[in-house]
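Welcome! Take a moment to look over the chain, and then we will walk through it together, from the overall picture down to single residues.

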Amino acid sequence: MNHIADFFIPENDSLRLQKLYEYQILDTHPEDTFDKIAHLAAKIFKTPYAFVTFVDEDRVFIKANVSPFEGNVVPREKSLCGMAIMDEDCTIIYDALENEQLKDSLLVKKKNGVRFYVGAPLRSPEGYLLGTVCVADKKPRTAKVSAKKQEMLKNLADIVVNKLELRLRYKNLLKAQNELMNITLHEIKNPLASIKLANDVIKKDPTRCDSMYNMVRESVTRIQTKLSDLLKHSEEEEVQQKLSIEETNLREIFDSLLESFQLQANKKRQTIFLHYGSGIPPVYIDRKKITDVFHNLLSNALKYSYYDSEINISVKREKDTVEIEFHDNGQGLNQEDISKLFTKFAKLSAKPTGKETSNGLGLSICKTMVEMHHGDIYATSPGKEMGTSFFVSLPLIYEVENEPFLP
């Protein structure tokens with residue numbers, strides 16, 4: 001990195017750069033929108049040069065270039081735009097050769113280089129100055145730049161930032177929609193598996209049709225609910241997970257859970273035991289989301305445990321929380337596994353024992369859902385082939401966090 005005089009580095013430069021990188025504008029091709037803004041700035045000031053620039057860590061990237069200068073990058077050191085992001089007002093230089101800190105700038109010392117310069121900073125909504133819309137002339141000027149022209153240049157800078165913010169918002173919206181799609185697809189896998197197993201049972205023994213009816217109906221309802229939620233969210237401008245808190249009896253969730261997974265357990269001759277403590281009051285949770293968490297944890301316990309094994313679910317009260325443990329005697333986890341358990345698309349050493357599929361999304365979703373309830377989720381394992389326990393801690397009462405006061 002080139003040495004840059006402290007005069008050209010804002011105190012918040014690291015945060016400023018983080019915001020700049022969010023826009024993903026550096027090293028992109030010229031675009032008509034930004035070129036038109038530069039041409040308009042040149043017409044307003046009647047200058048031969050105009051630019052839209054972004055100040056990176058050690059360089060200035062020129063996004064729009066109305067000038068005979070070739071290239072789209074100049075060193076940040078001693079750059080005019082580097083100086084311009086030090087002030088929220090317009091930076092005006094009537095003769096750059098008379099400025100000791102700028103006379104050696106690459107664009108100044110070129111043949112027909114910059115002598116006159118006016119730059120309006122690109123100010124993000126957070127207040128970070130990221131670059132400029134600027135004009136320049138190869139001749140110095142003496143006439144004072146009017147307040148009206150300065151205001152017009154600032155307006156052009158606002159248009160640039162608004163364009164970047166719209167792009168960023170659109171990218172975040174697509175990301176959120178994709179995230180929601182992945183969550184939905186993951187969460188309908190279990191009910192689909194239950195329907196398939198029920199179908200297999202009915203094929204082998206048609207007399208069990210009635211007993212499979214409730215399981216199939218519940219699985220279909222879960223799928224319909226998830227798809228309905230997906231469609232509802234896709235119609236919203238912003239996708240944001242929200243909780244629908246209600247008083248819930250956890251015992252009802254676990255009884256339904258065991259019934260839903262009985263066929264899956266039978267397929268691998270696995271046994272599920274529920275140890276439900278006494279004195280556990282109703283909890284205030286989003287019933288659907290926490291049910292999804294428990295579904296995922298029990299599904300994983302069955303999926304990664306061996307044939308003829310046991311899975312134990314323990315539910316007990318600890319002061320103001322309910323503690324749930326899903327314990328299996330399966331493949332266990334090493335320290336590397338535990339360190340990346342709740343990250344998206346993590347690849348772990350444990351493998352499904354019955355040719356089941358896994359996309360690595362489930363646990364990251366569980367973590368999000370539990371933390372939305374101000375709870376905690378974690379896992380422990382003595383080591384490989386020594387089993388695993390997943391713990392979920394939920395407060396008995398969900399407390400809404402106070403929103404900060406915004407004047």
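This report begins with the whole chain and then turns to its helices, its charged pairs and its surface.

## The chain as a whole

Please keep in mind that you are looking at a predicted model. The secondary structure comprises 11 helices and 13 strands. Of the 407 residues in the chain, 45% are buried. The chain exposes about 21,900 Å², and carbon and sulfur atoms supply 52% of that area.

How do contacts in the chain relate to sequence? If we take contacts between residues at least 6 apart in sequence, 71% of them join residues at least 24 apart.

## Helices that pack together

Two packed helices are described by the angle between their axes and the distance between the axes. Here are two such pairs to find in the model.

One pair is helix α6 (residues 189–204) and helix α8 (residues 250–267), whose axes come within 9 Å and cross at roughly 65°. This crossing is left-handed. On the α6 side, the residues involved are Asn190, Ser194, Leu197, Ala198 and Val201, and they meet Ser260, Phe261, Leu263, Gln264 and Lys267 in α8. An α-helix has 3.6 residues a turn, so residues three or four places apart point the same way. Try using that idea as you look along each helix.

The other pair is helix α9 (residues 287–303) and α11, which pack at an angle of about 145° with their axes 9 Å apart. Here too the crossing is left-handed. From α9, Lys289, Val293, Asn296, Leu297 and Asn300 meet residues of α11, among them Leu363, Cys366 and Met369.

Is helix α11 (residues 362–372) mostly covered or mostly uncovered? Eight of its 11 residues are buried, so the helix counts as mostly covered, buried here meaning under 20% relative accessible area. The buried residues are Gly362, Leu363, Ser364, Ile365, Cys366, Met369, Val370 and Met372. Just after α11 comes His374, which takes a positive phi of about 65°.

## A buried alanine

Ala41 sits in helix α2. With a relative accessible area of 0%, Ala41 is buried. Which residues does Ala41 touch, leaving out those up to four places away in sequence? They are Val133, Val135, Leu153 and Leu156. You can also compare Ala41 with Val52: the two are 11 residues apart in sequence, and their C-alpha atoms are 9.7 Å apart in space.

## Charged pairs

Side chains of opposite charge can pair when their charged atoms come close. In this chain the count comes to 21 salt bridges. Three of them are set out below, with the distance between N and O.

| Salt bridge | N to O distance |
|---|---|
| Lys19 and Glu126 | 3.1 Å |
| Glu31 and Lys63 | 2.7 Å |
| Lys154 and Asp89 | 2.8 Å |

Let us start with Lys19 and Glu126, which form a salt bridge. Lys19 lies in helix α1 (residues 13–23) and Glu126 in the loop between β5 (116–123) and β6 (129–137), so this pair ties together parts that are 107 residues apart in sequence. Lys19 is buried at 4% relative accessibility, whereas Glu126 is partly exposed at 47%. Lys19 and Glu126 also belong to a network of salt bridges that includes Glu22 and Glu165.

Next come Glu31 and Lys63, whose side chains meet in a salt bridge. Glu31 is in the loop between α1 and α2 (32–45) and Lys63 in strand β2 (residues 59–66), so the pair links parts of the chain 32 residues apart. Glu31 counts as partly exposed at 22% relative accessibility, while Lys63 is buried with a relative accessible area of 2%.

The last pair in the table is Lys154 and Asp89. Lys154 belongs to helix α5 (residues 147–187) and Asp89 to the loop between α3 (80–84) and β4 (91–93), with their positions 65 residues apart in sequence. Lys154 is partly exposed at 25% relative accessibility, and Asp89 is partly exposed at 36%.

## A nonpolar patch on the surface

To finish, turn to the outside of the model. Ile245, Tyr284 and Ile397 form a nonpolar patch on the surface, and together they have about 250 Å² of accessible area. Ile397 is found in the segment after β13 (388–395).

Definitions and conventions:
Residues numbered from 1 in each chain as written. Predicted model: local features only at pLDDT ≥ 70, side-chain atom pairs only at ≥ 80, totals over all residues. Heavy atoms only, no water. Patch = residues over 30% accessible without salt bridge, like charges linked within 9 Å, V, L, I, M, F, W, Y side chains within 5 Å. Areas by Shrake-Rupley, 256 points an atom, 1.4 Å probe, with all protein chains shown as cover. Salt bridge = Lys/Arg side-chain N within 4 Å of Asp/Glu carboxyl O. Helix = DSSP H or I, 4+ residues; strand = E, 2+ residues; numbered from the N terminus. Buried < 20%, exposed > 50% of the residue type's maximum accessible area, 1.4 Å probe, protein only. Contact = heavy atoms within 4.5 Å. Axes fitted to C-alpha atoms, helices over the stretch in contact; angles between N-to-C directions. Left-handed = near helix turned anticlockwise from the far one by under 90°.
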